[in-house]
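Student: Before I rely on any of the terms used for this protein, I would like to see how each one is earned. Could we go through them one by one?

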Amino acid sequence: RQVVTPNNDTLYNTTWLDLSQGPVFIEVPDMGERYWTLGFLDMWTNPFGHAGRRTTGNPAQRLFVHGPGWRGEVPAGAAPIAVPGDDAWIIGRILVDNDPADIAKVRGLQAQHAIVRADGSGKAAAHQFDAGIDGRITAAPDAQTYRRVVLAALARNPAPGADAAAAESALRFLEPATQAHDDAFAAALAEVHAQLRGAVKASDVGGGWSVPVLVRESFGQDYLTRARVARNLIGALGVEEAMYIMGEVDESGQALDGRHAYELHFGPGQAPQVDAFWSLTMYRRSDCMLVENPIGRYSLGDRSPSLRYEPDGSLRLRLGAAAPRDAACHGNWLPAPAGDARRACSS
(Lines give C-alpha, C1' and ligand atoms only; values in the text may rest on other atoms or scores of the structure.)
Protein backbone atom coordinates (compact mmCIF):
# COMPACT_ATOMS: atom_id res chain seq x y z
CA ARG A 1 0.00 0.00 0.00
CA GLN A 2 3.01 2.32 -0.39
CA VAL A 3 2.11 3.26 -3.98
CA VAL A 4 -1.38 4.04 -5.26
CA THR A 5 -2.65 2.08 -8.27
CA PRO A 6 0.00 -0.65 -7.93
CA ASN A 7 0.15 -3.02 -10.87
CA ASN A 8 -0.40 -6.73 -10.40
CA ASP A 9 2.26 -7.83 -12.90
CA THR A 10 5.60 -6.81 -11.41
CA LEU A 11 7.55 -6.73 -8.21
CA TYR A 12 8.72 -3.27 -7.25
CA ASN A 13 12.16 -1.92 -6.41
CA THR A 14 12.16 1.44 -4.67
CA THR A 15 14.79 3.65 -3.09
CA TRP A 16 15.71 7.27 -2.49
CA LEU A 17 19.05 8.70 -3.56
CA ASP A 18 20.87 11.46 -1.69
CA LEU A 19 23.50 12.79 -4.09
CA SER A 20 24.64 15.75 -2.00
CA GLN A 21 27.79 13.84 -1.00
CA GLY A 22 28.67 12.70 -4.49
CA PRO A 23 27.68 10.21 -7.23
CA VAL A 24 26.73 6.58 -6.73
CA PHE A 25 26.82 3.42 -8.81
CA ILE A 26 23.71 1.29 -9.18
CA GLU A 27 24.68 -2.28 -10.02
CA VAL A 28 22.14 -4.38 -11.92
CA PRO A 29 22.55 -8.12 -12.58
CA ASP A 30 21.96 -9.86 -15.91
CA MET A 31 18.17 -9.79 -16.32
CA GLY A 32 17.99 -12.45 -19.05
CA GLU A 33 15.00 -11.84 -21.32
CA ARG A 34 12.78 -10.49 -18.55
CA TYR A 35 11.14 -7.05 -18.73
CA TRP A 36 12.50 -4.65 -16.10
CA THR A 37 12.81 -0.94 -15.61
CA LEU A 38 14.14 1.57 -13.11
CA GLY A 39 12.24 4.84 -13.35
CA PHE A 40 14.06 7.92 -12.01
CA LEU A 41 11.93 10.78 -10.69
CA ASP A 42 13.07 14.12 -9.34
CA MET A 43 11.50 15.92 -6.40
CA TRP A 44 9.07 17.56 -8.85
CA THR A 45 7.89 14.01 -9.79
CA ASN A 46 9.21 14.43 -13.33
CA PRO A 47 10.21 10.99 -14.74
CA PHE A 48 13.44 12.35 -16.17
CA GLY A 49 15.25 9.06 -16.80
CA HIS A 50 14.82 5.32 -17.26
CA ALA A 51 17.10 2.31 -17.21
CA GLY A 52 15.85 -1.09 -18.27
CA ARG A 53 15.20 -3.44 -21.14
CA ARG A 54 13.95 -0.66 -23.42
CA THR A 55 16.77 1.81 -22.77
CA THR A 56 19.92 0.17 -21.40
CA GLY A 57 19.25 -3.47 -22.26
CA ASN A 58 19.31 -6.60 -20.11
CA PRO A 59 23.03 -7.44 -19.64
CA ALA A 60 24.60 -6.85 -16.22
CA GLN A 61 25.39 -3.14 -15.97
CA ARG A 62 26.46 -0.22 -13.80
CA LEU A 63 24.58 3.06 -13.76
CA PHE A 64 26.52 6.17 -12.76
CA VAL A 65 24.08 8.52 -11.03
CA HIS A 66 25.17 12.06 -10.21
CA GLY A 67 23.65 15.35 -9.08
CA PRO A 68 23.96 18.83 -10.62
CA GLY A 69 27.05 19.77 -8.64
CA TRP A 70 29.25 16.91 -9.90
CA ARG A 71 31.97 17.58 -12.44
CA GLY A 72 34.18 14.95 -14.04
CA GLU A 73 34.35 12.07 -16.47
CA VAL A 74 31.78 9.29 -16.47
CA PRO A 75 33.58 6.04 -15.56
CA ALA A 76 34.23 3.75 -18.52
CA GLY A 77 31.52 1.20 -19.13
CA ALA A 78 28.92 2.95 -16.93
CA ALA A 79 25.64 4.42 -18.19
CA PRO A 80 25.24 8.01 -16.90
CA ILE A 81 22.07 9.24 -15.19
CA ALA A 82 22.08 13.00 -14.51
CA VAL A 83 19.74 14.07 -11.69
CA PRO A 84 18.60 17.72 -11.72
CA GLY A 85 18.71 18.04 -7.91
CA ASP A 86 20.37 16.44 -4.89
CA ASP A 87 17.47 14.03 -4.39
CA ALA A 88 15.92 11.39 -6.62
CA TRP A 89 13.37 8.64 -6.23
CA ILE A 90 13.75 5.37 -8.09
CA ILE A 91 10.73 3.15 -8.56
CA GLY A 92 11.45 0.02 -10.56
CA ARG A 93 9.39 -2.89 -11.86
CA ILE A 94 10.40 -6.44 -12.74
CA LEU A 95 7.89 -8.63 -14.57
CA VAL A 96 6.88 -11.72 -12.59
CA ASP A 97 4.52 -14.65 -13.06
CA ASN A 98 1.94 -15.57 -10.44
CA ASP A 99 4.04 -18.56 -9.50
CA PRO A 100 6.10 -19.14 -6.31
CA ALA A 101 9.15 -20.31 -8.27
CA ASP A 102 9.16 -17.24 -10.51
CA ILE A 103 8.55 -14.92 -7.57
CA ALA A 104 11.61 -16.45 -5.90
CA LYS A 105 13.67 -15.86 -9.06
CA VAL A 106 12.69 -12.20 -9.18
CA ARG A 107 13.41 -11.74 -5.49
CA GLY A 108 16.85 -13.19 -6.21
CA LEU A 109 17.37 -10.60 -8.95
CA GLN A 110 16.22 -7.85 -6.61
CA ALA A 111 18.75 -9.01 -4.01
CA GLN A 112 21.53 -8.59 -6.60
CA HIS A 113 20.73 -4.93 -7.19
CA ALA A 114 23.15 -2.74 -5.23
CA ILE A 115 23.92 0.93 -4.66
CA VAL A 116 27.56 1.74 -3.84
CA ARG A 117 29.55 4.93 -3.50
CA ALA A 118 31.37 6.05 -6.62
CA ASP A 119 34.32 7.48 -4.69
CA GLY A 120 36.31 4.27 -5.06
CA SER A 121 35.60 3.03 -1.53
CA GLY A 122 33.18 0.38 -2.79
CA LYS A 123 31.05 0.95 0.31
CA ALA A 124 27.28 0.63 0.26
CA ALA A 125 25.70 4.04 -0.11
CA ALA A 126 22.93 3.48 2.44
CA HIS A 127 22.56 5.98 5.26
CA GLN A 128 19.78 7.39 7.38
CA PHE A 129 18.03 10.54 6.25
CA ASP A 130 15.25 12.32 8.13
CA ALA A 131 12.49 13.20 5.67
CA GLY A 132 10.73 15.27 8.32
CA ILE A 133 7.33 13.66 7.77
CA ASP A 134 5.54 10.49 8.80
CA GLY A 135 4.96 8.63 5.53
CA ARG A 136 2.25 6.49 7.10
CA ILE A 137 -0.07 9.49 7.25
CA THR A 138 -1.79 9.79 3.88
CA ALA A 139 -4.14 12.69 4.66
CA ALA A 140 -3.23 16.27 3.78
CA PRO A 141 -0.50 17.52 6.17
CA ASP A 142 -0.94 20.41 8.55
CA ALA A 143 0.38 23.78 7.45
CA GLN A 144 3.51 23.70 9.62
CA THR A 145 4.57 20.27 8.37
CA TYR A 146 3.88 21.21 4.78
CA ARG A 147 5.93 24.40 5.11
CA ARG A 148 8.89 22.65 6.76
CA VAL A 149 9.09 19.78 4.28
CA VAL A 150 8.59 21.86 1.14
CA LEU A 151 11.16 24.49 2.12
CA ALA A 152 13.73 21.79 2.91
CA ALA A 153 13.07 20.07 -0.43
CA LEU A 154 13.34 23.36 -2.33
CA ALA A 155 16.70 24.10 -0.74
CA ARG A 156 18.10 20.83 -2.10
CA ASN A 157 16.15 20.81 -5.37
CA PRO A 158 15.63 24.29 -6.82
CA ALA A 159 12.81 24.84 -9.27
CA PRO A 160 13.69 24.34 -12.93
CA GLY A 161 14.41 27.60 -14.72
CA ALA A 162 10.99 27.88 -16.36
CA ASP A 163 9.30 27.34 -12.99
CA ALA A 164 11.45 29.70 -10.92
CA ALA A 165 9.00 32.62 -11.06
CA ALA A 166 6.01 30.43 -10.15
CA ALA A 167 7.96 28.86 -7.28
CA GLU A 168 8.96 32.28 -5.99
CA SER A 169 5.33 33.37 -6.02
CA ALA A 170 4.26 30.20 -4.22
CA LEU A 171 6.82 30.79 -1.48
CA ARG A 172 4.67 33.66 -0.19
CA PHE A 173 2.23 31.04 1.10
CA LEU A 174 5.04 29.30 2.97
CA GLU A 175 6.34 32.30 4.88
CA PRO A 176 5.67 32.31 8.64
CA ALA A 177 2.26 33.86 9.20
CA THR A 178 -0.51 34.18 11.71
CA GLN A 179 -2.43 31.29 13.18
CA ALA A 180 -5.46 32.39 11.16
CA HIS A 181 -3.37 32.18 7.99
CA ASP A 182 -2.17 28.70 8.92
CA ASP A 183 -5.71 27.56 9.69
CA ALA A 184 -6.93 28.81 6.30
CA PHE A 185 -3.92 27.27 4.57
CA ALA A 186 -4.53 23.88 6.23
CA ALA A 187 -8.19 23.97 5.18
CA ALA A 188 -7.17 24.76 1.60
CA LEU A 189 -4.66 21.87 1.58
CA ALA A 190 -7.34 19.43 2.71
CA GLU A 191 -9.83 20.77 0.15
CA VAL A 192 -7.39 20.53 -2.77
CA HIS A 193 -6.27 17.08 -1.62
CA ALA A 194 -9.88 15.88 -1.79
CA GLN A 195 -10.64 17.64 -5.08
CA LEU A 196 -7.66 16.07 -6.83
CA ARG A 197 -8.94 12.62 -5.91
CA GLY A 198 -12.67 13.14 -6.13
CA ALA A 199 -13.12 14.59 -9.61
CA VAL A 200 -14.37 12.07 -12.16
CA LYS A 201 -12.31 12.47 -15.31
CA ALA A 202 -14.40 12.47 -18.47
CA SER A 203 -13.33 10.49 -21.49
CA ASP A 204 -10.87 11.93 -23.94
CA VAL A 205 -10.21 8.86 -26.10
CA GLY A 206 -13.76 7.49 -26.37
CA GLY A 207 -15.75 4.74 -24.73
CA GLY A 208 -15.25 6.18 -21.25
CA TRP A 209 -11.48 5.95 -21.37
CA SER A 210 -8.88 8.63 -20.76
CA VAL A 211 -5.10 8.87 -20.72
CA PRO A 212 -4.28 11.03 -17.69
CA VAL A 213 -0.49 10.75 -18.04
CA LEU A 214 1.26 11.55 -21.30
CA VAL A 215 4.41 12.91 -19.68
CA ARG A 216 7.72 11.97 -21.26
CA GLU A 217 10.46 13.47 -19.11
CA SER A 218 8.82 16.52 -17.53
CA PHE A 219 5.36 17.91 -16.80
CA GLY A 220 6.68 21.34 -17.69
CA GLN A 221 4.27 24.01 -16.51
CA ASP A 222 1.20 21.76 -16.51
CA TYR A 223 0.94 22.06 -12.74
CA LEU A 224 -2.59 20.70 -12.45
CA THR A 225 -1.74 17.42 -14.20
CA ARG A 226 1.40 17.07 -12.14
CA ALA A 227 -0.64 17.56 -8.96
CA ARG A 228 -3.27 15.02 -10.02
CA VAL A 229 -0.61 12.46 -10.87
CA ALA A 230 1.23 13.06 -7.59
CA ARG A 231 -2.04 12.55 -5.70
CA ASN A 232 -3.42 9.57 -7.62
CA LEU A 233 -0.69 7.97 -9.75
CA ILE A 234 2.54 8.76 -7.95
CA GLY A 235 5.52 7.08 -9.61
CA ALA A 236 4.04 7.09 -13.12
CA LEU A 237 6.69 6.42 -15.75
CA GLY A 238 7.25 8.29 -19.00
CA VAL A 239 4.86 7.39 -21.81
CA GLU A 240 7.55 5.64 -23.86
CA GLU A 241 8.02 3.22 -20.96
CA ALA A 242 4.41 2.71 -19.84
CA MET A 243 0.98 3.94 -20.86
CA TYR A 244 -1.80 4.19 -18.29
CA ILE A 245 -5.28 4.15 -19.80
CA MET A 246 -7.88 4.90 -17.13
CA GLY A 247 -11.62 4.35 -16.97
CA GLU A 248 -13.70 6.12 -14.33
CA VAL A 249 -16.87 6.58 -16.38
CA ASP A 250 -18.78 4.44 -18.88
CA GLU A 251 -19.30 5.32 -22.53
CA SER A 252 -22.25 7.55 -21.62
CA GLY A 253 -20.19 9.51 -19.07
CA GLN A 254 -21.73 7.94 -15.95
CA ALA A 255 -19.37 7.11 -13.07
CA LEU A 256 -18.56 3.40 -12.89
CA ASP A 257 -20.49 1.47 -10.26
CA GLY A 258 -19.65 -2.10 -9.28
CA ARG A 259 -23.34 -2.92 -8.91
CA HIS A 260 -23.62 -2.72 -12.69
CA ALA A 261 -22.19 -5.21 -15.17
CA TYR A 262 -19.81 -3.93 -17.83
CA GLU A 263 -18.15 -5.48 -20.84
CA LEU A 264 -14.87 -4.45 -22.42
CA HIS A 265 -14.66 -5.71 -25.99
CA PHE A 266 -11.61 -5.93 -28.25
CA GLY A 267 -12.28 -6.88 -31.85
CA PRO A 268 -10.09 -9.45 -33.64
CA GLY A 269 -6.49 -8.25 -33.48
CA GLN A 270 -7.48 -5.13 -31.50
CA ALA A 271 -6.13 -6.06 -28.05
CA PRO A 272 -3.35 -3.69 -26.87
CA GLN A 273 -0.19 -4.00 -28.96
CA VAL A 274 2.73 -3.90 -26.56
CA ASP A 275 6.36 -4.95 -26.26
CA ALA A 276 6.17 -6.32 -22.72
CA PHE A 277 2.66 -6.83 -21.29
CA TRP A 278 -0.77 -5.32 -20.85
CA SER A 279 -3.24 -5.78 -18.04
CA LEU A 280 -6.61 -4.50 -16.86
CA THR A 281 -6.58 -3.89 -13.10
CA MET A 282 -9.48 -3.07 -10.79
CA TYR A 283 -9.10 -0.42 -8.10
CA ARG A 284 -11.37 1.09 -5.49
CA ARG A 285 -11.97 4.65 -6.58
CA SER A 286 -11.75 6.17 -3.10
CA ASP A 287 -8.14 5.18 -2.43
CA CYS A 288 -6.79 3.81 -5.75
CA MET A 289 -5.96 0.45 -4.13
CA LEU A 290 -6.70 -3.16 -5.05
CA VAL A 291 -9.93 -4.59 -3.65
CA GLU A 292 -10.39 -7.96 -1.97
CA ASN A 293 -12.74 -10.23 -3.87
CA PRO A 294 -13.99 -13.83 -3.51
CA ILE A 295 -11.78 -15.30 -6.25
CA GLY A 296 -8.60 -13.37 -5.46
CA ARG A 297 -8.37 -11.91 -8.98
CA TYR A 298 -7.18 -8.33 -9.26
CA SER A 299 -6.28 -8.04 -12.93
CA LEU A 300 -6.65 -9.69 -16.31
CA GLY A 301 -4.13 -9.41 -19.10
CA ASP A 302 -2.27 -11.06 -21.91
CA ARG A 303 -0.48 -13.36 -19.44
CA SER A 304 -3.61 -14.50 -17.55
CA PRO A 305 -4.03 -18.31 -17.79
CA SER A 306 -7.82 -17.98 -17.49
CA LEU A 307 -8.19 -15.65 -20.47
CA ARG A 308 -10.36 -17.03 -23.28
CA TYR A 309 -10.76 -15.49 -26.74
CA GLU A 310 -13.83 -15.79 -28.95
CA PRO A 311 -13.64 -18.09 -32.01
CA ASP A 312 -13.14 -15.05 -34.26
CA GLY A 313 -10.16 -13.86 -32.17
CA SER A 314 -12.01 -11.12 -30.33
CA LEU A 315 -11.83 -10.70 -26.56
CA ARG A 316 -14.62 -9.88 -24.12
CA LEU A 317 -13.81 -9.00 -20.52
CA ARG A 318 -16.62 -8.88 -17.95
CA LEU A 319 -16.49 -6.40 -15.05
CA GLY A 320 -18.77 -6.18 -12.03
CA ALA A 321 -19.29 -7.25 -8.45
CA ALA A 322 -21.46 -10.23 -9.45
CA ALA A 323 -20.05 -13.13 -11.41
CA PRO A 324 -21.37 -13.52 -14.99
CA ARG A 325 -24.35 -15.87 -15.22
CA ASP A 326 -22.61 -17.87 -17.93
CA ALA A 327 -19.98 -20.01 -16.20
CA ALA A 328 -17.95 -20.09 -19.42
CA CYS A 329 -17.29 -16.37 -18.95
CA HIS A 330 -15.85 -16.68 -15.42
CA GLY A 331 -12.28 -16.86 -16.72
CA ASN A 332 -12.72 -13.40 -18.26
CA TRP A 333 -14.42 -11.89 -15.20
CA LEU A 334 -12.68 -9.11 -13.28
CA PRO A 335 -14.46 -8.64 -9.93
CA ALA A 336 -15.34 -5.10 -8.83
CA PRO A 337 -16.27 -3.70 -5.42
CA ALA A 338 -19.99 -3.42 -4.89
CA GLY A 339 -19.91 0.38 -4.85
CA ASP A 340 -18.25 2.84 -7.19
CA ALA A 341 -14.98 1.64 -8.67
CA ARG A 342 -12.31 2.52 -11.12
CA ARG A 343 -10.65 0.32 -13.68
CA ALA A 344 -7.26 0.87 -15.24
CA CYS A 345 -5.47 -0.65 -18.19
CA SER A 346 -1.70 -0.48 -17.86
CA SER A 347 0.61 -1.55 -20.64
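Student: Are Tyr 35 and Phe 277 buried or exposed?

Tutor: The model is a predicted one, and in it both Tyr 35 and Phe 277 are buried. The word buried is used because the relative accessible area is under 20%.

Student: Why is the contact of Tyr 35 with Phe 277 called an aromatic pair, and what makes it stacked, tilted or edge-to-face?

Tutor: The ring centres of Tyr 35 and Phe 277 are 6.1 Å apart, and the limit for a pair is 6.5 Å, so the two rings qualify. The planes stand at 70 degrees to each other, and an angle over 60 counts as edge-to-face, so that is the name it receives. The pair links distant parts of the chain, with Tyr 35 in the loop between S2 and S3 and Phe 277 in the loop between S11 and S12, 242 residues apart.

Student: How do you know that a charge sits over the ring of Phe 277?

Tutor: The charged end of Arg 303 is 5.9 Å from the centre of that ring, and the distance limit is 6 Å, so the distance condition is met. The charged end of Arg 62 likewise sits over the ring of Phe 25, 3.8 Å from its centre.

Student: What else involves Phe 25?

Tutor: Phe 25 forms one aromatic cluster with Phe 64 and Trp 70, and Phe 64 in S5 is also the bridge partner of Phe 25.

Student: How do you know that S2 pairs with S5 and with S8?

Tutor: Pairing requires at least two bridges. S2 and S5 are joined in the antiparallel sense by five bridges, while S2 and S8, also antiparallel, have four, so both count as pairs. In S8, Ala 114 is the bridge partner of Glu 27.

Student: Why is S2 described as largely enclosed by the rest of the structure?

Tutor: Four of the five residues of S2 are buried, and therefore the strand is described in that way.

Student: What makes S1 and S4 edge strands?

Tutor: The open sheet has the order S1-S7-S3-S4 with antiparallel pairing, and S1 and S4 each pair on one side only. Between S3 and S7 there are six bridges, and Phe 40 stands opposite Ile 90 in S7.

Student: Where is confidence lowest, and where is it highest?

Tutor: The mean pLDDT is lowest in S16, at 53, and highest in S3, at 98. For the protein the mean is 89, with 95% of its residues reaching 70 or more.

Key
Residues are numbered from 1 along each chain as its sequence is written. This is a predicted model: local features need pLDDT of at least 70, side-chain atom pairs count only at pLDDT 80 or more; totals for chains, interfaces and linings use all residues. Side-chain values use heavy atoms; hydrogens and water are left out. Helices (H or I, at least four residues) and strands (E, at least two) are DSSP runs, numbered from the N terminus. Rings of Phe, Tyr and Trp (its six-membered ring) pair if their centres lie within 6.5 Å; planes under 30 degrees apart count as stacked, over 60 as edge-to-face and the rest as tilted. Buried means under 20% relative accessible area, exposed over 50%, partly exposed in between (1.4 Å probe, protein chains only). A charge sits over a ring if NZ of Lys or CZ of Arg is within 6 Å of the ring centre and within 35 degrees of the ring normal. pLDDT is the predictor's confidence in each residue, from 0 to 100.
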